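The following paragraphs lead the reader through a structure by way of its charged pairs, two histidines and a pocket. Please keep the model in view while reading.

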Amino acid sequence: MEEAEEIQYDVSHEAFSRALPRSGRQSFVRGTRHVVHIPFTGDPEILLLKPNAFTASGPPYGQLRGADVLVTVEYPNDSPLDIAREVDAAASAIEQWLGFARNDAEQHNEQLHQEALSTIAQRRQEITTRRERVASSGIAVRPTGGSKPPIVRAIIRRPSKLPLRASAGAPIPLDPSLPDDVYPDILAAIAQAGRDMERSRATYSGMGEEDRRQVLLLALNGQYRGLTTAEAFNVTGKTDLRIQYEGRNLFIAECKKWTGQASLTKTIDQLFGYAGWQDTKLAVVMFVEQKNLTDVVAKGRAALLSHPRFTEECEGADELELRARMRWPGDDGRIVDLAVRFIPA
């Protein structure tokens with residue numbers, strides 16, 4: 001409630017009870033005005049709409065100011081009103097009309113949901129029918145422009161090429177993948193987030209592994225946005241960081257605290273443990289509390305080179321990063337890219 005305000009209260013409508021002359025002129029007495037703020041959350045536009053159901057007394061009255069509804073209570077000083085009762089009555093009326101609006105919104109959303117499901121099902125059937133028709137022709141398909149519309153900025157879904165003869169009735173396979181030029185860009189974003197943590201040690205000093213992972217998640221989603229969601233990166237299941245599209249992983253990373261060479265080896269094994277054969281872009285982020293980073297990176301490099309899946313080192317890494325090609329467990333012909341980033345904690 002704001003401070004009470006003295007006003008001149010018009011009592012012309014009380015001419016009979018106050019024995020005022022019936023001259024038609026306004027008559028004023030000393031009065032008081034109280035302005036009470038009722039906060040709300042959500043879209044204020046809903047308060048300005050008329051629902052299908054309503055009361056005979058009409059809508060409640062108030063003033064919108066930011067995230068508050070302002071209810072004004074005025075009375076002559078010789079006939080004061082119960083402020084709380086007046087405000088409660090106004091709030092109850094607002095709640096009642098919001099209930100009417102809520103019912104309209106729920107009915108609309110349910111109808112929209114059903115229409116969306118019907119439209120999606122129809123569209124899916126059209127695409128399936130077209131793919132089957134193309135596949136049944138037995139003619140190889142040449143990709144237009146070599147790429148599909150972007151999944152996230154600079155992340156492209158590429159169709160796999162058909163064999164010379166496609167089996168009749170088989171759908172055209174479209175496997176999402178992460179272009180090679182995007183992988184180092186993601187690693188650079190992780191590196192920049194690591195440098196920001198190092199520059200503001202006081203801010204991040206009390207954070208554990210989980211909190212630091214969330215910082216990386218926010219930093220990455222600040223640069224990459226998904227096609228159907230607000231975020232390209234997410235935390236799902238056992239994987240710390242992941243880009244997923246149509247149920248397939250395009251990039252996965254694991255975040256751990258450095259406790260020695262064995263911790264890196266264990267993390268790499270863990271990453272291979274829940275990655276899939278088609279997951280070819282992997283990363284490990286090690287949060288390092290030790291002061292001697294040079295020694296830590298050297299030990300990490302030794303652990304990486306001695307890993308049974310190691311094939312060769314790759315160029316492009318800085319002094320706090322290792323990049324390598326690794327053989328897939330059980331399939332030496334399958335090569336994946338792995339980056340290890342060391343972030344001072």
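In this predicted model, a salt bridge joins the side chains of Asp 318 and Arg 341, with an N to O distance of 2.9 Å. Asp 318 belongs to the loop between strand 11 and strand 12 (321–328), whereas Arg 341 belongs to strand 13, so the bridge ties together parts that lie 23 residues apart in sequence. The surroundings of the two partners may be set side by side. Asp 318 is partly exposed, its relative accessible area being 29%. Arg 341, at 7% relative accessibility, counts as buried because the limit for that class is under 20%. Elsewhere, salt bridges with shared partners connect Lys 281, Glu 312, Arg 325 and Asp 337 into one network.

These pairs belong to a wider set, for the whole structure contains 18 salt bridges. In general terms, side chains of opposite charge can pair when their charged atoms come close. Another example is the salt bridge between Asp 332 and Arg 309, whose closest N and O atoms are 3.3 Å apart. Here too distant parts of the chain are linked: Asp 332 is in strand 13 (residues 331–344), while Arg 309 is in the loop between helix 6 (293–305) and strand 11 (310–313), and 23 residues separate the two. Arg 309 counts as buried, with 17% relative accessibility.

What is the arrangement when both partners lie in one helix? Asp 196 and Arg 199 are both part of helix 2 (residues 183–199), where a spacing of 3 residues corresponds to about one turn of the helix. Their salt bridge brings the closest N and O atoms to 3.2 Å from each other. Asp 196 counts as partly exposed at 34% relative accessibility, and Arg 199 counts as exposed at 60%.

The loop that holds Arg 309, between helix 6 and strand 11, also holds His 307. Is His 307 buried or exposed? With a relative accessible area of 5%, His 307 is buried, because that value falls under the 20% limit. Apart from neighbours within four places in sequence, His 307 is in contact with Thr 265, Ile 268, Asp 269 and Met 326.

A further histidine, His 34, is located in strand 2 (residues 28–39). His 34 is buried, with a relative accessible area of 7%. The side chain of His 34 makes a polar contact of 2.8 Å with the side chain of Tyr 75. When neighbours within four places in sequence are set aside, the residues in contact with His 34 are Met 1, Ala 4, Val 71, Thr 72, Val 73, Tyr 75 and Ile 83.

Strand 2 leads to the last feature, the second largest pocket, since strand 2 and helix 1 (83–136) each supply at least two residues of its lining. This pocket encloses about 370 Å³ of space. Its lining comprises 18 residues, and those closest to the centre are Phe 40, Leu 47, Ile 94, Glu 95 and Leu 98. Which element gives the most to the lining of the second largest pocket? Helix 1 does, with 8 residues. By character, the lining of the second largest pocket divides into 12 nonpolar, 2 polar and 4 charged residues.

Definitions and conventions
Residues numbered from 1 in each chain as written. Predicted model: local features only at pLDDT ≥ 70, side-chain atom pairs only at ≥ 80, totals over all residues. Heavy atoms only, no water. Helix = DSSP H or I, 4+ residues; strand = E, 2+ residues; numbered from the N terminus. Buried < 20%, exposed > 50% of the residue type's maximum accessible area, 1.4 Å probe, protein only. Polar contact = N/O pair within 3.5 Å; in protein donor to acceptor, adjacent residues only side chain to side chain. Contact = heavy atoms within 4.5 Å. Salt bridge = Lys/Arg side-chain N within 4 Å of Asp/Glu carboxyl O. 1 Å grid on protein atoms, 1.4 Å probe; cavity = no way out; pocket = protein on both sides within 12 Å on 5 of 7 lines; lining within 4 Å. Points joined across faces, edges and corners; volume = space filled by probe spheres on them. Nonpolar A, V, L, I, M, F, W, Y, C, P; charged D, E, K, R; others polar.
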